[in-house]
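The following exercises concern a single protein chain. Each task is followed by a solution that proceeds step by step.

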Amino acid sequence: MKATETPPVVTVTEPAPVSKAPAPDVKEKSSEGKVLNVFSHGVLIIWAVLVVMPLLWAIMASFKTDDSILSTPWALPDKLHFENWSRAWGQAHMSDYFFNTIVVVGGSLIGTLLLGSMAAYVLARFDFPGNRFIYYLFIGGMSFPIILALVPLFFVMNNMGMLNTRHGLILVYIAYSLPFTVFFLTSFFRTLPSSVAEAAMLDGASHTRTFFQVMLPMAKPGLISVGIFNFLGQWNQYLLPTVLNTDPKYRVLSQGLVELANGQGYKGDWSGLFAGLVMAMLPVLAAYIIFQRQVVAGLTAGAVK
């Protein structure tokens, strides 16, 4: 009889487990990202405190009495003294300054956006001799200090009979804001699709109708963004109205606040001064809060195609 052969035993060796630990470079990058994130958030928090705290303190001081502002500046008001606001609005003539500022800034803002958008559209969409030269002239206007133009500007406005007038100040504000407006909107119009304008032209629309009914509505985010920037600059403008607008009847808010501070003498109406300051700040804050999404959309438009 033959002996029964025993089958060979096969030993299966399991593969060594693969380590899932991240590479050292990944760990280092992750730790660096966390440190950078903490540092950036810390800087933003400090910046927010530096900006928000003076604003809140001014609002709080506008509802306090003069004695409490000087004795306990960081304490909350015992009650809301709305007479500070009424005194600043009426006796300090803040209502007149507010009206003049709305007229001047409103007129100059409309003129700046209209003329700036038209110039930017032509420079962005049409090729003609001198296109780049005109564009760089606007760029040069952004780098020209306005203080160097005050003396010749004063004599030009005087010869034209526009000193101490609202319409004269409106024209100066438009000229002052056009360089940045054209620079901003030229880049924005270049990002808009040209096929839409070509389709409008094929349908029989003129260049004027194509601009106002097709391209200008498409540029709404850019118009809102540059409009907010111009509004902030023109609302807070002090140097130009001080030189070109010396008539007390046509003073704007920036001049009115300085007059309110200088006209106190030894009376020390600090509560009225802070009330007038908050009045001047509220329209700016309201405009930015309302249009903040449009501002961000206008700044980021064209970044991703």
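**Exercise 1.** Is His-93 buried, partly exposed or exposed?

*Solution.* The model is a predicted one: local features require pLDDT of at least 70, side-chain atom pairs count only at pLDDT 80 or more, and totals for chains, interfaces and linings use all residues. Residues are numbered from 1 along each chain as its sequence is written, and side-chain values use heavy atoms, with hydrogens and water left out.

Step 1. The classes must be fixed: buried means under 20% relative accessible area, exposed means over 50%, and partly exposed lies in between (1.4 Å probe, protein chains only).
Step 2. His-93 has a relative accessible area of 42% and is therefore partly exposed.
Step 3. His-93 belongs to the loop between helix 3 and helix 4, and its phi is near 60°, a positive value in a residue other than glycine.
Step 4. As background, most residues other than glycine have a negative phi.

**Exercise 2.** Locate Asn-164 and state its phi.

*Solution.*
Step 1. Asn-164 sits in the loop between helix 6 (150-159) and helix 7.
Step 2. Although Asn-164 is not a glycine, its phi is positive, at about 60°.
Step 3. With 24% relative accessibility, Asn-164 counts as partly exposed.

**Exercise 3.** How many helices and strands are there in the protein?

*Solution.*
Step 1. Helices (H or I, at least four residues) and strands (E, at least two) are DSSP runs, numbered from the N terminus.
Step 2. The protein has 13 helices and zero strands; read along the sequence, the pattern is α-α-α-α-α-α-α-α-α-α-α-α-α.
Step 3. Of the 305 residues of the protein, 34% count as buried.

**Exercise 4.** Which residues of helix 3 are buried, and where do they fall around its axis?

*Solution.*
Step 1. In helix 3 (residues 83-90), the buried residues are Asn-84, Trp-85 and Ala-88.
Step 2. Viewed down the axis of helix 3, its buried residues fall within an arc of 95°, so they line one face of the helix. The arc is that of the directions from the helix axis to the C-beta atoms.

**Exercise 5.** Identify the partners of the salt bridge and describe their exposure.

*Solution.*
Step 1. The criterion for a salt bridge is a side-chain nitrogen of Lys or Arg within 4 Å of a carboxyl oxygen of Asp or Glu.
Step 2. A search of the whole structure finds one salt bridge. Arg-251 forms a salt bridge with Glu-259, and the closest N and O atoms are 3.6 Å apart.
Step 3. Arg-251 counts as buried at 18% relative accessibility, whereas Glu-259 is partly exposed at 37%.

**Exercise 6.** What is the volume of the largest pocket, and which residues are closest to its centre?

*Solution.*
Step 1. On a 1 Å grid over the protein atoms alone, a pocket is an open set of points where a 1.4 Å probe fits, with protein on both sides within 12 Å along at least five of seven lines; lining residues have an atom within 4 Å of a point. Grid points are joined across faces, edges and corners, and a volume is the space filled by probe spheres set on the points.
Step 2. The volume of the largest pocket is about 450 Å³.
Step 3. Among the 17 residues that line the largest pocket, Gly-141, Ala-175, Tyr-176, Ser-177 and Pro-179 are the closest to its centre.
Step 4. Helix 5 (131-143), helix 7 (166-191) and helix 10 (220-235) are the elements that give two or more residues to the lining. The largest share, six residues, comes from helix 7.

**Exercise 7.** For Asp-67, Thr-208 and Phe-231, give the exposure and a C-alpha separation.

*Solution.*
Step 1. Asp-67, in helix 2 (residues 66-71), is exposed, with a relative accessible area of 63%. The C-alpha atoms of Asp-67 and Trp-270 are 9.2 Å apart, with their positions 203 residues apart along the chain.
Step 2. Thr-208, in helix 9 (residues 207-218), counts as exposed at 52% relative accessibility. Thr-208 and Met-118 are 90 residues apart along the chain, and their C-alpha atoms are separated by 9.6 Å.
Step 3. Phe-231, in helix 10, counts as buried at 13% relative accessibility. Its C-alpha atom is separated by 9.9 Å from that of Tyr-288, 57 residues apart along the chain.
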